[in-house]
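Subject: Structure handover

Hello,

Here is the structure I said I would pass on to you. My notes on what was found in it follow below.

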Amino acid sequence: MEYYVGLDVSLKQTSICVVDQTGSVVREGVVDSDPEAISVYVRSKAPDAVRIGLETGPTSTWLWTELKRLGLPVICIDARHAKAVLKMQINKSDRNDAIGIARIIQTGWFKEVHVKDIDSHSVRALLASRALLVKIKRDLENHVRGLLKNLGLVIGRAKFNVFAVRAEELIEGRPELIAAIRPLLETRNAVEQQVSELDRKVMRLARHDAQVRRFMTVPGVGPITALAFKATIDDPARFARSRSVGAYIGLTLVSQEVVHLV
């Protein structure tokens, strides 16, 4: 008999529902949100599962990847589409959501979502961390400028280490300003060191990736842009036409020169 499985995932526990080809509920259960626990349950209660579905969410990439590795026919569906169906239920609960997802999977009324591999997510995490630290550094600089400007002290245009040197000059001999400004400058310095370390990691990744180096042959495209583009696209074969890439990343127009390098 064919079985279809719905997973309603939360951080701690996952509600599981198994339905047959008619949509009738065969099994229901709750296990820890762990791939091994989910796999054991599915293999014991629905050994002939045709499809196993879960919604997009914070842990969907990890669960999808691990369940695929364990040999289960898992697919990830768009949470927005699932919500349109699930909200029709009278009683909202994890159990009922699992039943709804199982029936969505059984009927085939779903849009499967491409799940990026772990490497792409790792690169995106690295770039996101760098972007956050750069923002923190900029915010610290703007705050220092604002505090000093209130007292008629203007740092002016200052790049690289000139900013810290100029700020130190302005607060020299003024204990009340040293107490307020120096902790910010020391924090800025620590953040700048971390940004430099992440920059080195980015350069290493770019240097050892032939496709990223090809992207960087496009004028104006550096290692950060090239890595971000590759990590966002992940698998270019999922796009039937190159112009679809622009719509995917939210652009109405995209450089065909870049797209054809994928």
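The buried residues of helix α2 are Ser60, Thr61, Leu63, Trp64 and Leu67. Please keep in mind that this is a predicted model. Helix α2 itself spans residues 60–69. The spacing of such a set has a general background: an α-helix has 3.6 residues a turn, so residues three or four places apart point the same way. What lies over the buried residues of α2 includes the strands β1, β4 and β5, along with the helices α1 (35–45) and α5 (118–149). After α2 comes Gly71, which has a positive phi, near 85°.

The strands around α2

Strand β1 covers residues 3–9 and strand β4 covers residues 49–55; the two pair in the parallel sense over five bridges. Within this pairing, Val5 stands opposite Ile52 of β4. On to the next pairing: β4 also pairs with strand β5 (residues 74–77), again in the parallel sense, over four bridges. Here Leu54 is the residue opposite Cys76 in β5. Between β4 and β5 the chain passes through α2, and this β-α-β crossover is right-handed.

The loop after β5

Asp78 is placed in the loop between β5 and α3 (79–86). Is Asp78 buried or exposed? Its relative accessibility is 8%, and the cut-off for buried is under 20%, so Asp78 counts as buried. The side chain of Asp78 reaches the backbone nitrogen of Arg80 at 2.8 Å. Leaving aside residues up to four places away in sequence, Asp78 touches Thr56, Lys111 and Val113.

Aromatic pairs

How many aromatic pairs does the structure hold? There are two. One of them is formed by Phe215 and Phe229, which meet edge-to-face, with 5.3 Å centre to centre and 85° between the planes. Phe215 belongs to helix α8 (residues 210–215) and Phe229 to helix α9 (residues 223–233), so this pair ties together parts that are 14 residues apart in sequence. Both rings belong to buried residues: Phe215 has a relative accessibility of 2%, and Phe229 has one of 14%.

The other pair is Phe239 and Tyr248. Their ring centres are 5.3 Å apart and their planes are at 70°; edge-to-face requires an angle over 60 degrees, so this pair is edge-to-face too. Phe239 is buried, with a relative accessible area of 14%, whereas Tyr248 is partly exposed at 36%. Tyr248 has a further partner in Arg238, whose charged end sits over the ring of Tyr248, 4.6 Å from the ring centre.

Arg124

The last item is a residue of helix α5, Arg124, and α5 is one of the elements that cover the buried residues of α2. Arg124 is partly exposed, with a relative accessible area of 38%. Which residues does Arg124 touch, not counting those up to four places away in sequence? They are Lys116, Ala231 and Thr232. The C-alpha atom of Arg124 is separated by 8.2 Å from that of Leu227, and these two residues are 103 residues apart along the chain.

Best regards

Definitions and conventions
Residues numbered from 1 in each chain as written. Predicted model: local features only at pLDDT ≥ 70, side-chain atom pairs only at ≥ 80, totals over all residues. Heavy atoms only, no water. Pairing = 2+ DSSP bridges. Right-handed = clockwise from strand over helix to strand, strands pointing away. Buried < 20%, exposed > 50% of the residue type's maximum accessible area, 1.4 Å probe, protein only. Polar contact = N/O pair within 3.5 Å; in protein donor to acceptor, adjacent residues only side chain to side chain. Contact = heavy atoms within 4.5 Å. Phe/Tyr/Trp six-rings, centres within 6.5 Å; stacked < 30°, edge-to-face > 60°. Lys NZ or Arg CZ within 6 Å of the ring centre and 35° of its normal.
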